[in-house]
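Let's take a walk through this one, from a single residue to the packing inside and then to the charged pairs. Have the structure open as you read.

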Amino acid sequence: MRHFDRAMTMMRAADPQRREDGFDFLREHADSYVAELAAEFDRESDHGLRCWLLELLSEARSPDALPVLTVQLANDDEALRFWAVRGLEMLDTRESREALHRARANGWID
């Protein structure tokens with residue numbers, strides 16, 4: 001089993017410590033797994049896990065996460081919007097700043 005898959009399995013475990021351990025591993029290596037994290041985010045239905053995945057995409061600070069983060073700016077879910085804003089702020093590229101500006105102009109974020 002690949003490291004990413006093992007970490008995702010851990011994040012879905014019943015044991016809170018195993019969930020944290022899986023999250024911590026991916027946080028340390030988020031920049032190496034942007035495509036996998038984005039795919040998992042799109043497939044995931046559990047709200048808490050979706051928030052964690054978006055947090056990990058934010059932590060990656062990768063331009064490859066820009067499409068996922070940008071789409072979430074318009075999400076009705078406040079937690080997902082929070083991580084999208086945070087991720088775009090952390091990315092701090094011209095494109096991420098433009099996405100945040102558009103979201104503010106559209107009234108999606110403050």
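## A look around the model

R94 has a relative accessibility of 48%, so this arginine counts as partly exposed. Bear in mind that we're looking at a predicted model. R94 sits in helix α7. Its C-alpha atom is 14 Å from that of L69, and the two residues are 25 apart along the chain.

Now for the inside. The largest nonpolar core has 35 residues, and the members touching the most others are M11, L26, L37, L54, L57 and L73. At least two residues of this core come from each of α1 (3-11), α2 (16-29), α3 (34-43), α4 (47-60), α5 (66-72), α6 (78-91) and α7 (94-105). The top contributor is α4, which puts in 8 residues. As background, nonpolar side chains in soluble globular proteins tend to be buried together.

Take L73 from that list. Leaving out residues up to four places away in sequence, L73 is in contact with R81, A84, V85, L88, A99, L100, A103, W108 and I109.

L26, another of those well-connected core members, belongs to α2, where G22, F23 and L26 are buried. Looking down the axis of α2, the buried residues fall within an arc of 95 degrees, so they line one face of the helix. Among the elements covering them are α1, α3 and α4. The length of α2 checks out too: 14 residues at 1.5 Å each should span 20 Å, and the end C-alpha atoms are indeed 20 Å apart.

On to the charges. There are 9 salt bridges in the structure, and here are some of them:

| Salt bridge | N to O distance |
|---|---|
| R2 and D5 | 3.1 Å |
| E44 and R12 | 2.6 Å |
| D92 and R97 | 2.9 Å |

How far apart in sequence are the parts that E44 and R12 tie together? E44 is in the loop between α3 and α4, while R12 is in the loop between α1 and α2, so their bridge ties together parts 32 residues apart in sequence. E44 is buried, its relative accessible area being 14%, whereas R12 is partly exposed at 43% relative accessibility. This pair also belongs to a salt-bridge network that links R12, E40, R43 and E44.

As for the other two pairs, R2 is partly exposed, with a relative accessible area of 44%, and D5 is partly exposed as well, with 29%. D92 counts as partly exposed at 49% relative accessibility, and R97 counts as partly exposed at 44%.

Terms used
Residues numbered from 1 in each chain as written. Predicted model: local features only at pLDDT ≥ 70, side-chain atom pairs only at ≥ 80, totals over all residues. Heavy atoms only, no water. Core = buried A, V, L, I, M, F, W, Y, C linked by side-chain atoms within 4.5 Å. Buried < 20%, exposed > 50% of the residue type's maximum accessible area, 1.4 Å probe, protein only. Helix = DSSP H or I, 4+ residues; strand = E, 2+ residues; numbered from the N terminus. Contact = heavy atoms within 4.5 Å. Expected span 1.5 Å × (residues − 1). Arc of directions from axis to C-beta. Salt bridge = Lys/Arg side-chain N within 4 Å of Asp/Glu carboxyl O.
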